[in-house]
Amino acid sequence: MKLQELTGLAVFDVEDGKQVGDVLDVLLNEQWNIVGILLEGKQMFSSSVKVVFWDDIIAYGEDAVMIRNRQAIRKWEAENIQLTFLSGNGKLKELPVLTGDGTMLGHVSDVYFDQEMGNTITGIEISDGLISDLMEGRKVLPYIDGMIKGENAIMVPPNSDELLEAP
């Protein structure tokens with residue numbers, strides 16, 4: 001599954017079947033694990049956001065995300081969010097991917113995770129521009145040790161371009 005597919009999904013409370021929001025973004029940690037989801041609905045003039053941590057998510061699929069109950073929705077200060085997929089200063093989407101020896105592999109277009117492995121990132125989908133995407137297709141770089149999200153780029157070990165594969 002891709003993080004892009006997770007965003008926008010409806011979030012339901014399994015205790016009463018009520019929709020409590022939609023997934024606005026996905027929160028990650030420095031170890032490239034999903035730690036939670038950010039829900040739509042930031043209050044005006046508030047610095048807090050609504051977050052559901054990964055442990056409170058019971059199931060997720062193509063159509064919805066299921067959480068334990070409404071108590072799983074927590075208010076969190078936006079400044080505590082370090083790494084996200086789509087938004088904020090720590091977003092992954094559209095960051096350039098560079099090797100340690102200075103080769104540009106492209107930009108992050110999506111992030112893969114394996115539903116059976118839970119919250120572990122398994123790879124990043126890389127776009128090399130619209131023309132290249134149309135001619136050759138996007139490529140996937142499997143997650144590798146040494147992959148670091150820096151301030152302005154994702155840094156990967158030299159020769160990582162040899163690991164690129166079709167999605």
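**View 1. The surface of the protein, by atom type.** About 9000 Å² of the protein is exposed, and 49% of that comes from carbon and sulfur atoms. Keep in mind that this is a predicted model. As for the residues, 43% of the 167 count as buried.

**View 2. Charged side chains of the protein.** Counting side chains by sign gives 13 positive and 28 negative ones. Take the centre of each set, and the two points sit 9 Å apart.

**View 3. The overall fold and its dimensions.** DSSP-style bookkeeping gives two helices and 14 strands for the protein. The radius of gyration is 17 Å, close to the 15 Å from the globule rule for 167 residues, so the protein is as compact as a globular protein of that length. Laid along its principal axes, the C-alpha trace spans about 50 × 30 × 30 Å. Looking at contacts with a separation of 6 or more, 48% are between residues 24 or more positions apart.

**View 4. Strands β3 and β4, side by side.** Here β3 (residues 34–39) runs antiparallel to β4 (residues 48–53), and four bridges join the pair. Zoom in on Leu39 and you'll find Lys50 of β4 standing opposite.

**View 5. Strand β4 again, now with β7.** What does β4 pair with over five bridges? That would be β7 (residues 73–77), and the pairing is antiparallel. Across this pairing, Ser48 has Glu77 of β7 opposite. So much for β7; β4 also has its four bridges to β3.

Terms used
Residues are numbered from 1 along each chain as its sequence is written. This is a predicted model: local features need pLDDT of at least 70, side-chain atom pairs count only at pLDDT 80 or more; totals for chains, interfaces and linings use all residues. Side-chain values use heavy atoms; hydrogens and water are left out. The radius of gyration is taken over C-alpha atoms; the globule rule is 2.2 Å times the number of residues to the power 0.38. Buried means under 20% relative accessible area, exposed over 50%, partly exposed in between (1.4 Å probe, protein chains only). Contact means heavy atoms within 4.5 Å. Accessible areas come from the Shrake-Rupley method with a 1.4 Å probe; for residues, only the protein chains shown count as cover. Lys and Arg count as positive and Asp and Glu as negative; His and the chain ends are not counted. The place of a charge is taken as NZ of Lys, CZ of Arg, CG of Asp or CD of Glu. Two strands pair if DSSP finds at least two bridges between them.
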